[in-house]
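Visitor: I'm new to reading protein structures, and I'd like a close look at just one part. Could you pick a sheet and walk me through it slowly?

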Amino acid sequence: MAQLICDDLTLGYDGTPVVQGLSFAVNAGDYLYILGENGSGKTTLMKAILGLHAPLKGSISMGEGLTHSQIGYLPQQTLVQRDFPASVWEIVLSGFQGRRAFSPFYTREEKARARAAMERLGLGGFEKRCYRELSGGQQQRVLLSRALCATGKLLLLDEPVSGLDPAVTAEMYQLIRELNKRDGITVIMISHDLEAAQRYASHVLHIGHEVFFGTREDYFAGHKGFEGGGEK
């Protein structure tokens, strides 16, 4: 059974559609790239999947016991968020908040999982570091660790390499690929990076004036002039 099913979905604001007729399914272990022009509704779709934005039409359903609280989300960062004056440990632990009844204390198991997530992403020993003093790449790994505390099933990533230099971008892509391939976590990523989609995606959803959903191979068969880094 699919983890996520979107059926004839229309999304928009104040009754005005932004994107219409979205139908697709995501299975466990898929790596879906969501591509499209700015303003085409990519981030709105992610918010709808998270239950933060109601569709104008259609439905979103989940299988395999997945719930909204079991989805890890890494949103685009703003300049204000990058300057957040909290410790790395506080931010990573906050990934559990959506899965637990209100309590000021984290369990031993949650703390162990948080440490394991940090170690997994090369952040061992960073617990007491101030988040705003980290590099952009380190901050993204902190936020990815936080997302892993929320899930072992599905990650939603909104432009996770935005603003990172090429070397750090490559490291981030490799970490995400390992989470997908080695840990079996389903990944849904918003991106403008066609080259990365061609390299890592199992499936592509393109939204905009035309909607496409299918395998990476079928998508790029329709982009025969693509040679990396853009469309010809």
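Guide: Sure! One definition to start: two strands count as paired if DSSP finds at least two bridges between them. Keep in mind, too, that this is a predicted model.

With that settled, look for the open sheet of 3 strands, whose order is β2-β1-β4, with antiparallel pairing. Who stands at the edges? That would be β2, residues 16-26, and β4, residues 57-62. Each of them has a single partner strand, so one side of each is left without a neighbour in the sheet. The sheet also twists, by an average of 25 degrees from one strand to the next.

Now zoom in on β1, which covers residues 4-13. How many bridges join β1 to β4? There are 5, and the two strands run antiparallel. If you want to find one of these partnerships yourself, start at Leu4: its bridge partner in β4 is Met62. Then look for helix α1, residues 42-49, which packs on the sheet. This helix touches β1, β2 and β4, and its direction makes about 120 degrees with that of β1.

While you're at β1, check out a backbone oddity. Asp8 lies in this strand, and it has a positive phi of about 50 degrees although it isn't a glycine. Is Asp8 buried, exposed or partly exposed? Its relative accessibility is 33%, so it counts as partly exposed; the in-between class sits between the 20% and 50% cut-offs.

Follow the chain into the loop between β1 and β2 and you'll meet Asp14. Here's another residue that has a positive phi without being a glycine, this time of about 55 degrees. Asp14 has a relative accessible area of 83%, so it is exposed, as that label applies to anything over 50%.

One last stop, for an aspartate in another strand: Asp158 is found in β6, residues 154-158. Asp158 is buried, yet it has no salt bridge. Where is the nearest side chain of opposite charge? It belongs to Lys42, 7.4 Å away, and a salt bridge needs the charged atoms within 4 Å. What the Asp158 side chain does have is a polar contact with the side chain of Thr43, at 3.0 Å. Leaving aside residues up to four places away in sequence, Asp158 touches several others as well, including Met46, Tyr73, Leu74 and Ile190.

Key. Residues are numbered from 1 along each chain as its sequence is written. This is a predicted model: local features need pLDDT of at least 70, side-chain atom pairs count only at pLDDT 80 or more; totals for chains, interfaces and linings use all residues. Side-chain values use heavy atoms; hydrogens and water are left out. Helices (H or I, at least four residues) and strands (E, at least two) are DSSP runs, numbered from the N terminus. Buried means under 20% relative accessible area, exposed over 50%, partly exposed in between (1.4 Å probe, protein chains only). Lys and Arg count as positive and Asp and Glu as negative; His and the chain ends are not counted. A polar contact is a pair of N or O atoms within 3.5 Å; within protein, one must be able to donate a hydrogen and the other to accept it, and residues adjacent in sequence count only if both atoms are side-chain atoms. Contact means heavy atoms within 4.5 Å. Axes are lines fitted to C-alpha atoms, for helices over the stretch in contact, and angles run from 0 to 180 degrees between N-to-C directions.
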